[in-house]
Structures are given as C-alpha cells and as structure tokens.
Amino acid sequence: MRLYSYRFGCLLALACFVSVAWIKSTPSDGESTAPPDIQSLYERLLVAEELGGQISRDLSNILEQIRNMTRASNITQPTTPTTIKETIRQWMGDSGRQTLHQLNIDLYMPHLRQHPDSLVPNVVLGQGRHGVSMVLGIPTVKREKQSYLINTLSSLLYGLTPSQQQDLLIIVFVAEVDSDYVSSVAETIRKNFPKESQSGLLEVVSPSQYYYPDFASLKETFGDSKDRVKWRTKQNLDFSFLMLYAHNKGTFYVQLEDDVVAKEDYYNAMKTFATQEASKNWLFLEFSQLGFIGKMFRTRDLPMIAEFFLMFHRDKPIDWLLDHILWVKVCNPEKEAKDCEAQKALLKQRYKPSLFQHVGLHSSLPGKLQHLKDKDFGKQTLYRAHSNPAAELNSSLKHYQQHSLTRAYKGEDFFWALTPVKGDYILFKFLQPLNVSNYLFRSGNIETSGDKFYNTTVEVLPSNALTQDQELDKPFLVIGAFKNGVAAGEIEEALQPISALRLVVHCNSDVWALLSEILIQVR
C-alpha cells in the first residue's frame with residue numbers, strides 16, 4: 001500500500017511540473033486587441049485547464065484501481081482490520097462456490113475474519129434450484145432421544161402436485177460441524193426421498209467448521225442456565241445462516257422446525273393468503289401461533305432480519321428478537337403500550353386455522369420436554385370418504401385395531417394393516433358386473449405418510465374373462481400400479497363390465513400399509 005501511495009505522489013508532482021513548464025513556454029500565435037502578455041496568458045490558461053481536466057480523469061482512474069487493490073488485499077489478508085462490506089464475496093465467486101450475503105457479520109462475529117471460507121455453505125445435497133415461489137427452511141440438530149426430521153419432511157411432501165413440487169424448495173440446514181453426521185443425514189434423506197432429492201426439491205446444507213464462535217464466554221441472562229443460553233444463542237446463529245442462504249432462492253421464505261407436521265394442502269393455503277396480502281406492508285405472515293414456527297417473510301427482507309438477529313444473537317431468544325424488530329420499526333416510545341401493540345399488529349398478519357403443528361416431545365435442548373400444541377391447528381384429515389358401489393370385501397392383510405377395510409370402504413375410517421408380504425391382496429368383488437369408469441387408491445396419510453403400498457398392482461376381472469382366457473388361475477388383468485403411494489386411472493371400455501377389482505403386493509414390505517382413500521367410480 002505504501003508503494004502505491006509513493007507512486008501516486010510522484011505522478012501528481014510530475015503532472016504539476018509539466019503543466020507549469022508548458023504554460024511558461026507556449027508561444028502566442030493569435031491576433032487580438034488585448035495586450036500581448038494578457039492574451040498569451042489567457043490562451044495558455046485555457047489549454048492548461050483542458051490539460052488539467054484530462055489529468056483529473058486519469059488520476060480518478062488510478063484512485064479507483066488503488067481502491068480495488070485495497071479491497072482485494074483486505075479479502076486475501078484476513079488478519080488485517082476491514083471496513084464494513086456489502087458482501088464477503090459475490091454470490092458466486094471465482095471458486096464457483098456460493099457464499100452467504102455477509103452484511104456486517106464480521107462486526108458481530110469477529111472470529112470469522114480469521115477464516116475467509118467460514119461463510120461458504122457446505123451443500124451436501126441439492127441441484128441449485130432457485131426462482132421458486134416458496135422456500136421452506138428447516139434447521140435440524142443431533143438429538144439425544146428421537147429425530148422427527150423424516151416425519152416432518154414426509155408431512156410437507158405429502159399430497160404435493162407436480163406443479164407445486166416444481167415451485168417449492170425445502171432446505172434442510174444441518175446445524176452441526178460433524179461432517180460424518182451431516183453426511184448421514186443427507187444420505188437418510190436421499191434414501192427416503194430419492195425423486196425429491198434428484199429433482200432439486202430437497203437441499204441439505206451445513207455450516208463451515210469455523211462458523212460458530214466460542215460459546216464459553218456467554219453471560220447467563222434472564223435466569224437461564226449456561227446450557228440454555230448457549231442453546232438459544234446457537235439457534236439465533238442457525239436461523240440467521242439459513243435465512244442468508246435462502247434469501248435469493250425464491251419470493252417467500254417460511255421458517256419451520258424439524259419436529260412439525262403440516263396440514264394437507266398447506267402449500268395452496270399459504271400461497272393464496274400471501275397473494276391476498278401482497279399489497280399490505282407486512283413484515284411476516286403467521287401460519288402458526290407457536291414461537292418461530294410457520295412465519296413467512298418476503299425474501300428481500302431476510303438480510304435485514306438476519307443482521308438484526310446477528311447483532312443481538314448473544315442477548316435474547318429468536319422470537320423475542322423478532323418482536324423487537326417490530327417495535328423498532330413502528331413503536332413510538334412517547335405513546336402508550338397499546339398503541340405500540342396496535343402498530344405491531346399491522347406488520348404481522350395471522351392466518352387461521354394454523355397450518356403447522358408442533359409434535360416433538362423431546363427438545364433439541366438436552367433434557368427438556370416440550371408439550372407445545374397449537375390450539376388453532378384443529379384435527380387432521382386422515383382419510384377421504386367416497387360413496388363406493390356395493391361389493392364383497394376380502395383381504396389377506398390383518399388390520400390394526402378398528403381400522404378395518406370395511407370401515408375404510410364405507411368412508412368411516414382409514415384401512416391400516418400390518419406389514420404386507422409378497423402375495424398379500426385386497427379384493428373388491430361386486431355383487432353384479434359393473435361399468436367402472438375410473439379408480440383411485442391413496443396410501444398413507446398426513447400423520448403416517450410412510451405407511452404406503454409399494455410394488456403393488458391394480459388388477460381387474462372382466463365379466464367375460466373366463467370365456468376369453470382359458471388360464472383359469474390367471475383371469476385378472478393388470479391395469480395399473482402404485483406410484484409414490486397412489487394408484488389412479490381409467491378402465492378401458494373393452495374390459496367392461498367388471499366383476500372384481502383387486503390390489504396385489506409383489507414383494508415384502510418394511511413398513512405397515514395404510515389406505516386413506518378408496519374411490520371406485522361407476523358410470
């Protein structure tokens with residue numbers, strides 16, 4: 001830097017010397033009524049002014065180059081004190097890796113200056129999806145007792161249409177620096193949701209090993225133990241990291257936790273409500289009344305919100321800090337508290353009934369039990385009822401408790417069976433041959449979305465099958481199969497009328513099987 005300053009000084013001195021010498025030596029060759037000395041001086045000053053303008057532009061270019069070199073020097077030398085920077089790097093740096101929008105992070109977490117890559121997310125699983133309408137952020141940590149993550153993801157993915165899947169991004173932030181554990185979580189997700197992982201609907205990221213500060217120096221406040229203060233402080237950092245990572249991937253960002261279940265059709269409900277409230281000046285929409293669950297933000301607001309959290313990450317829990325943002329934005333300290341509450345209410349719009357319910361009993365804070373329930377959540381729709389044609393029902397599957405096939409066929413309950421094995425079946429034999437236009441069988445429900453039928457076909461018995469097919473032991477024809485837990489389709493006119501319909505399992509299953517919807521539609 002000193003070398004650049006020395007060169008700049010020399011250049012400036014040389015420019016001044018050349019300008020003065022030129023003015024003294026330039027002759028006057030024009031004619032004028034003014035005295036010769038004054039006219040000559042005037043012309044020389046005009047030329048000198050033009051030359052000075054050129055020198056000024058050259059010096060401005062040199063100064064800009066020096067500033068660029070200084071910024072580059074500060075980035076590559078982390079031990080040198082740095083000024084406040086808009087970003088630590090551009091969205092995609094020369095290395096091709098995504099880096100978090102930095103804001104003033106190094107002011108609130110100065111330890112990050114020692115490691116230039118401390119804000120580079122470790123993307124373990126993902127296809128770089130962006131430009132979606134909605135991003136769901138789920139931080140998760142290693143729990144001592146029980147993990148709810150897979151059930152949470154199953155609930156969020158249940159019933160999504162193909163277009164909804166394309167317009168959604170679910171980011172799982174594994175807030176751990178143990179690379180083996182992070183990889184195991186990613187592999188579990190990939191195994192349970194292969195198509196969603198391959199398509200880019202699901203992403204798994206984790207922080208750098210240098211992201212978290214030393215928590216030993218934290219002060220105990222508000223009567224919380226040291227462990228609780230550490231837990232809430234780390235939670236603030238986790239949510240901030242996730243928000244900054246997600247801030248340019250979609251239009252809306254919804255904060256969730258790893259131990260919740262969602263109502264069926266939550267996606268449409270949230271998107272519709274956000275569209276209705278688009279013209280209002282809200283900071284967030286609430287789809288759950290519990291803590292930080294189900295809070296929707298515009299992604300353009302995430303950098304500001306994350307910076308506020310980082311500024312006070314050592315001081316208070318995340319939901320308190322969110323309320324403080326509202327206070328700072330709209331509350332007048334000279335007015336009464338009720339006026340402040342009224343103004344804050346304008347910045348948060350509540351949707352009812354709640355779309356997310358907390359289900360985890362064991363908190364991520366070791367030893368803490370949570371009995372939190374959202375009273376506005378209501379009851380889940382666990383099955384769908386239809387009016388089906390009269391039929392004799394038979395199955396080799398053993399049902400659990402009162403969840404029988406008969407009750408499910410009548411639309412009174414769902415059918416829940418113990419683990420299917422190869423050769424198991426469900427038979428619907430109509431009292432007389434019927435013209436069946438279409439069928440739908442949906443397995444699993446919002447609470448037990450993993451209990452689905454796998455490797456299972458849908459087969460029909462045409463009423464004239466025995467006359468057309470002499471193989472008496474194989475009169476049924478395969479017309480469909482379960483895909484992603486659902487079997488649906490139309491039945492060709494050539495097969496009509498139908499005497500019976502059945503579902504056949506072709507391999508042993510690892511889980512129970514549940515039918516939440518049975519529809520056999522007759523012409």
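This report describes the strands, one open sheet and one cavity of a predicted protein model.

Because the model is predicted, local features are given where pLDDT is at least 70 and side-chain atom pairs count only at pLDDT 80 or more, while totals for chains, interfaces and linings use all residues. Residues are numbered from 1 along each chain as its sequence is written, and side-chain values use heavy atoms, with hydrogens and water left out.

**Overall make-up**

The protein has 14 helices and 19 strands, taken as DSSP runs numbered from the N terminus (helices H or I of at least four residues, strands E of at least two). Of its 523 residues, 46% are buried, where buried means under 20% relative accessible area with a 1.4 Å probe and protein chains only. Among contacts (heavy atoms within 4.5 Å) between residues at least 6 apart in sequence, 73% join residues at least 24 apart.

**The open sheet**

Eight strands form an open sheet of mixed pairing in the order 1-4-3-2-5-8-7-9, two strands being paired if DSSP finds at least two bridges between them. Strand 1 (122-125) and strand 9 (348-350) stand at the edges with a single partner strand each, so one side of each has no neighbour in the sheet. From one strand to the next the twist averages 25°. Helix 6 (residues 179-192) packs on this sheet, touching strand 1, strand 3 and strand 4, and its direction makes about 35° with that of strand 1; axes are lines fitted to C-alpha atoms, for helices over the stretch in contact, and angles run from 0 to 180 degrees between N-to-C directions.

Three of the pairings are set out below.

| Strands | Sense | Bridges | A bridge pair |
|---|---|---|---|
| Strand 3 (residues 168-174) and strand 4 (residues 202-206) | parallel | four | Ile 171 and Glu 203 |
| Strand 5 (residues 250-255) and strand 8 | antiparallel | four | Gln 255 and Lys 295 |
| Strand 7 (residues 284-286) and strand 8 | antiparallel | three | Glu 286 and Lys 295 |

Lys 295 thus has a bridge partner in strand 5, Gln 255, and another in strand 7, Glu 286. In strand 8 (residues 295-298), Lys 295 and Phe 297 point one way and Met 296 and Arg 298 the other, and all are buried. In a regular strand the side chains alternate between the two faces of the sheet.

**The second largest cavity**

A cavity is a set of points, on a 1 Å grid over the protein atoms alone, where a 1.4 Å probe fits but cannot get out. There are three cavities of 30 Å³ or more, and the second largest has a volume of about 60 Å³. Its lining residues (an atom within 4 Å of a point) include Tyr 158, Glu 264, Arg 384, Asn 445 and Glu 517, and the lining divides into three nonpolar, three polar and four charged residues.

Key: 1 Å grid on protein atoms, 1.4 Å probe; cavity = no way out; pocket = protein on both sides within 12 Å on 5 of 7 lines; lining within 4 Å. Points joined across faces, edges and corners; volume = space filled by probe spheres on them. Nonpolar A, V, L, I, M, F, W, Y, C, P; charged D, E, K, R; others polar. Buried < 20%, exposed > 50% of the residue type's maximum accessible area, 1.4 Å probe, protein only.
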